[in-house]
Structure formats: C-alpha cells, structure tokens
Amino acid sequence: MQKSGNTRETRQRKVVYEAVRHSKEHPTADMIFDQVKYTLPTVSLGTVYRNLGVLKDQGLVIELRGSDRRAHFEADLTPHAHFTCTYCGAISDIEGCPTPNWERLPCLAGYTVEEHCLEFRGTCPKCAS
Ligand SMILES: [Zn+2]
Ligand SMILES: [Zn+2]
C-alpha cells in the first residue's frame, strides 16, 4: 500500500510544517515533537527530525544554530535579524534592522551570496530582570 503510506507522510509533514509556522519561538525538534504529538499521537521524534530535514531541503523552513548548540527551526523566510539569549537560549526576531544590498558591496564582488544572517547575542529581557 505505497499510496496510503505516502499520504500519511504528506500529512505528517504538513502538521510538522504548521507547528513550525505557527511558532514564534524558533522551536527545536523536541519542542515541535511535543506539539505535533497532540495531532499525531503515534508520531516519533525520529519522524519529526526526518520531516524537518525534508522541509529544509524543500526550502520551506530554515535551520538556525542556537547558543545551546541545538538546531532551531523557523518558517519565516524573509531576511530578518535574531537575538540569541546566551542565558536561556531563546531566539527572538529583531524587526526593523536595515538590510543593506549585500550584492552591491565591493568586498563581495565575485561571490554568490545564498544567505546571510545577522545575530545579536546577550541577555534577553526576561533573563535580565
Ligand atoms: Zn533569556
Ligand atoms: Zn526568526
């Protein structure tokens, strides 16, 4: 029953994708797993990992490396900056950072830029108080 297997795979992937898309917290695979368990009680952490890999290959999610050295995921593909708390590991979106036209920078002449990231590190407001 190849066909029903594929349908289940597609559904699982969609649930995993929606969990990433609806989270503002740049969740880790564990956090996504905790969430999709409610919709897919039989899903395994391995399945979540595999689906995240596929979604990444498809360009639907991006993977960030947190200060906790774990992989965090997000589905917001517009270029934006991040603040990583070195205390609790939380990653927050930083809106309103200027995004220069990197391609025009003389020092990047001859390079093909596929992505760039701007990351601030420090203590988040929650940990600072
Ligand atoms: Zn913090
Ligand atoms: Zn982000």
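His 72 is buried, at a relative accessible area of 4%. The model is predicted. His 72 sits in strand β2, and this report starts there before turning to the two zinc ions and a helix.

**Around His 72**

Two polar links involve the His 72 side chain. One of its polar atoms lies 2.7 Å from the backbone oxygen of His 26. The side chain also makes a polar contact with the side chain of Asp 68, at 3.1 Å. Beyond neighbours within four places in sequence, His 72 is in contact with nine residues, named here in order: His 26, Pro 27, Thr 28, Ile 62, Glu 63, Leu 64, Gly 66, Gly 89 and Ile 91. His 26 is thus on the contact list of His 72, and His 26 also coordinates a zinc ion.

**The zinc ion (ligand 2)**

Which residues coordinate the zinc ion (ligand 2)? The donors are NE2 of His 26, two OE atoms of Glu 74, NE2 of His 80, NE2 of His 82 and an OD atom of Asp 93. They stand at 2.0 to 2.5 Å. Why is the arrangement irregular? The six donor atoms subtend angles of 54 to 169°, which makes it so. For octahedral geometry, opposite donors would have to be over 155 degrees apart and all others between 65 and 115. The angle of 54° falls outside those limits, so the site of the zinc ion (ligand 2) counts as irregular.

Along the chain, the donor residues follow the spacing H-x47-E-x5-H-x1-H-x10-D. His 26 lies in the loop between α1 (2-21) and α2 (29-39), while His 80 lies in the loop between β2 (71-74) and β3 (81-85), so the pair ties together parts that are 54 residues apart in sequence. His 26 counts as buried, at 1% relative accessibility. His 80 counts as buried too, at 16%, because the cut-off is under 20%.

**The zinc ion (ligand 1)**

The zinc ion (ligand 1) is held by sulfur donors: SG of Cys 85, Cys 88, Cys 124 and Cys 127, at 2.3 Å. The angles among these four donor atoms run from 105 to 119°, and the site is tetrahedral. The ideal angle for four tetrahedral donors is 109.5 degrees. In sequence the donors are spaced C-x2-C-x35-C-x2-C. Cys 88 and Cys 124 link distant parts of the chain, 36 residues apart. Cys 88 is in the loop between β3 and β4 (91-94). Cys 124 is in the loop between β5 (119-122) and α4 (125-128). Cys 88 is partly exposed, whereas Cys 124 is buried.

Here are the accessibility values for residues discussed in this report.

| Residue | Relative accessible area | Class |
|---|---|---|
| His 26 | 1% | buried |
| His 72 | 4% | buried |
| Cys 124 | 7% | buried |
| His 80 | 16% | buried |
| Val 54 | 27% | partly exposed |
| Cys 88 | 43% | partly exposed |

**Helix α3**

Helix α3 spans residues 45-57 and has 13 residues. From first C-alpha to last it reaches 19 Å, close to the 18 Å expected at 1.5 Å a residue. Which residues of α3 are buried? They are Thr 47, Val 48, Asn 51, Leu 52 and Leu 55. Seen down the axis of α3, these fall within an arc of 135°, so they line one face of the helix. An α-helix has 3.6 residues a turn, so residues three or four places apart point the same way.

Val 54 also lies in α3. Val 54 is partly exposed, at 27%. Its C-alpha is 8.4 Å from that of Arg 13, a residue 41 places away along the chain. Just after α3, Gly 59 takes a positive phi of about 75°.

Terms used
Residues numbered from 1 in each chain as written. Chains lettered and ligands numbered in written order. Predicted model: local features only at pLDDT ≥ 70, side-chain atom pairs only at ≥ 80, totals over all residues. Heavy atoms only, no water. Donors = N, O, S within 2.8 Å, 3.2 Å for Na, K, Ca; no water. Tetrahedral: all angles 85-135°; square planar, octahedral: opposite > 155°, others 65-115°. Helix = DSSP H or I, 4+ residues; strand = E, 2+ residues; numbered from the N terminus. Buried < 20%, exposed > 50% of the residue type's maximum accessible area, 1.4 Å probe, protein only. Polar contact = N/O pair within 3.5 Å; in protein donor to acceptor, adjacent residues only side chain to side chain. Contact = heavy atoms within 4.5 Å. Expected span 1.5 Å × (residues − 1). Arc of directions from axis to C-beta.
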